[in-house]
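Colleague: I'm new to reading protein models, and I'd like to learn with one open in front of us. Could you walk me through it?

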Amino acid sequence: MREEQHPPLLYLQNNREYGEVDETREDILSEELSKIEMVSNSEMMRDTWDELKKVWKIAGPSIFCRVSMFALTIVTQSLAGHLSDIDLAAFSIVTTLLISISFGFLIGMATALETLCGQAYGARQHHMLGIYMQRSCVVLFCCAVFLLPIFVFASPLLKMLGQSVEIAERTGFVAKWLIPMHMSFVFQFSMLRFLQSQLKTAVIAWSAAISLAVHAILSWLLVYRLGVGIIGAALILDFSWWLSVVILFGYIVYGGCPVTWTGFSWQAFDELWAFFKLAIASGVMVLLENLYYRMLVVASGEAGNSQVAVDALSICIALFGWESMVPLGILAATGARVAIELGAGNANGAKFAAKVCLLTSLVIGLIFFLLVMVIPGKLAIIFTPNSLVISSVGDLSLLLGLTILVNSIPPVFLGIAVGSGWQALAAFVNIGSYYLVGVPLGIFIGRFLNFGYKGMWVGMLGGSLTQILLLSIITLRRGWEDEVLKARDKQMLINESHTHKA
């Protein structure tokens with residue numbers, strides 16, 4: 001991480017071109033320079049390794065938690081596919097579209113805690129973390145109630161969007177039974193951010209592992225063996241999500257966070273509007289990111305073979321959603337690391353953490369790209385025995401792989417935005433890239449050029465590339481030292497506010 005140049009290097013650079021370095025002296029200096037470069041490379045590797053350990057201390061449990069909790073849905077979706085094709089289509093639309101709206105918006109709003117808790121933790125303002133978490137629960141609960149109509153009126157909404165009557169009716173029926181799962185996100189996401197910002201990540205992984213194990217056992221017993229049907233499967237999914245909430249709540253309240261949890265406080269109801277403004281920007285940012293490709297499932301309703309298209313695209317989007325839990329974990333780690341370093345006044349540390357996170361996410365994206373290209377059919381068998389659907393998933397494997405690879409980059413930039421507190425700007429970038437570039441381009445290629453939903457997918461990839469370009473430009477133009485000053489000023493204002501109230 002050292003940026004200064006050593007004197008021998010400057011001497012060679014300044015004098016070699018003027019012939020002022022004799023050969024003997026140049027050999028000595030070159031040898032010394034070689035040693036310096038080896039030491040510098042060694043230091044860089046050590047710094048990178050140290051940062052990777054810090055990143056993965058957050059990202060590892062976060063990814064495991066996200067993948068495990070998303071696997072709850074995958075388990076239920078795969079069982080639905082073996083009940084009937086109509087159950088698979090209905091459950092897939094609920095989870096890939098309706099739950100995605102809820103999940104993306106609420107998890108995005110909860111990322112406001114990464115900014116606030118991360119910077120407060122870096123500045124050693126530990127008492128504020130518990131208050132922030134409670135404030136997050138209040139705000140997110142109100143927003144979750146506001147989102148309830150998309151579950152209650154799912155059938156007419158899907159009919160308006162072009163889905164067949166049979167699929168829309170079945171989807172609306174299933175959606176109502178998944179409302180408890182939707183409400184669990186309020187507490188799940190708030191507590192995850194609270195624990196993550198103070199590096200208490202082991203309990204996050206354990207809660208997810210226990211929930212997944214219980215869910216798999218109950219699903220096998222009640223759905224596969226006893227045949228309780230799609231409603232029983234939905235209720236088991238609700239129970240498993242709430243089980244994770246109970247585990248995390250018990251850990252926090254009963255002694256797991258003695259420094260940052262000081263009990264319930266009326267201060268949670270203070271400054272709700274300020275928290276809402278920061279949270280809504282985060283919510284819109286992540287929602288637009290999460291919902292973007294899932295729009296393809298709705299678009300497939302107008303394809304020639306509606307049910308096969310819906311099933312194949314739903315499987316692809318489910319696989320993409322499952323894999324996206326990994327870069328979302330990197331997003332969480334990026335946001336936490338950047339926020340902690342900025343809160344501690346370390347601009348270079350924040351910048352270096354962002355670089356390491358970007359490289360990590362790219363490598364992971366490449367690995368999953370290769371995996372999807374090699375075994376797309378085997379992945380589809382998890383969801384359905386229908387050979388026509390499996391074949392359609394194979395045809396979409398290249399687009400799926402490219403989508404996974406391209407979308408391994410934006411979460412790191414969004415993590416930087418979360419850690420620095422410029423979520424609102426990132427939200428505008430998402431709107432412009434996805435819905436002013438990607439969607440119109442997709443409609444043009446898919447409908448006007450008659451390439452169908454595959455063409456629409458290609459156009460939407462163009463929106464993702466636009467997003468990467470804009471976010472990279474914004475990130476490079478922002479000064480890290482300025483972000484440190486902003487974080488310091490924010491903590492000073494918070495301290496003054498609470499001192500005045502006290």
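Colleague: Let's start with the empty spaces. How many cavities of 30 Å³ or more does the structure hold?

Modeller: One thing before I answer: this is a predicted model. A cavity here is a space where a probe fits but cannot get out. The structure holds 4 of them at 30 Å³ or more.

Colleague: How much space lies in the largest cavity?

Modeller: About 260 Å³. To picture where that is, look for the residues around it. The lining has 24 residues, and Phe-70, Ile-99, Phe-103, Trp-241 and Met-325 lie nearest the centre.

Colleague: Which elements each supply at least two residues of that lining?

Modeller: Four helices do: α2 (23-83), α3, α9 (179-197) and α14 (306-343).

Colleague: And how do the residues of this lining divide into nonpolar, polar and charged?

Modeller: You sort each lining residue into a class and look at the mix. For the largest cavity you get 14 nonpolar, 7 polar and 3 charged residues.

Colleague: Now the second largest cavity. Which of its lining residues lie nearest its centre?

Modeller: Those are Glu-289, Asn-290, Phe-320, Ser-324 and Leu-328, out of 14 lining residues. Two or more residues of this lining come from each of α3, α12 (272-291) and α14. Helix α14 gives the largest share, 6 residues. By class, you'll find 8 nonpolar, 3 polar and 3 charged residues, and the space itself is about 170 Å³.

Colleague: Okay, from holes to packing. Which residues touch the most other members of the largest nonpolar core?

Modeller: For a core, you follow buried nonpolar residues that are joined through their side chains. The largest one here has 128 residues, and Phe-103, Leu-106, Phe-189, Trp-241, Tyr-293 and Trp-457 touch the most other members. Helix α3 (residues 85-110) contributes the largest share of this core, 16 residues. There's also a second, separate core of 11 residues, with Ile-58, Ala-333, Ala-336 and Val-412 among them.

Colleague: Let me zoom in on one of those. What does Trp-457 touch, leaving out residues up to four places away in sequence?

Modeller: Its partners are Tyr-293, Leu-296, Leu-313, Cys-316, Leu-396, Leu-399, Leu-400 and Thr-403.

Colleague: What about Ser-102: is it buried or exposed?

Modeller: Here you compare the relative accessible area with a cut-off: under 20% counts as buried. Ser-102 has 0%, so it is buried. Ser-102 is part of helix α3. Beyond its sequence neighbours up to four places away, Ser-102 touches Leu-147, Phe-151, His-182 and Phe-185.

Colleague: And why does Gln-196 count as buried?

Modeller: Because its relative accessible area is 2%, and the cut-off is under 20%. Gln-196 sits in helix α9. With residues up to four places away left out, Gln-196 touches Ile-58, Ser-62, Arg-66, Glu-114, Ile-204 and Ala-332.

Colleague: Let's step back to the whole protein. How many helices and strands are there?

Modeller: You'd count 22 helices and 0 strands. Of the 502 residues, 56% count as buried.

Colleague: What share of contacts between residues at least 6 apart in sequence join residues at least 24 apart?

Modeller: That share is 84%.

Colleague: Last one: how much of the accessible surface belongs to carbon and sulfur atoms?

Modeller: The accessible surface comes to about 21,400 Å², and 68% of that belongs to carbon and sulfur atoms.

Conventions:
Residues numbered from 1 in each chain as written. Predicted model: local features only at pLDDT ≥ 70, side-chain atom pairs only at ≥ 80, totals over all residues. Heavy atoms only, no water. Buried < 20%, exposed > 50% of the residue type's maximum accessible area, 1.4 Å probe, protein only. Contact = heavy atoms within 4.5 Å. Areas by Shrake-Rupley, 256 points an atom, 1.4 Å probe, with all protein chains shown as cover. Core = buried A, V, L, I, M, F, W, Y, C linked by side-chain atoms within 4.5 Å. 1 Å grid on protein atoms, 1.4 Å probe; cavity = no way out; pocket = protein on both sides within 12 Å on 5 of 7 lines; lining within 4 Å. Points joined across faces, edges and corners; volume = space filled by probe spheres on them. Nonpolar A, V, L, I, M, F, W, Y, C, P; charged D, E, K, R; others polar.
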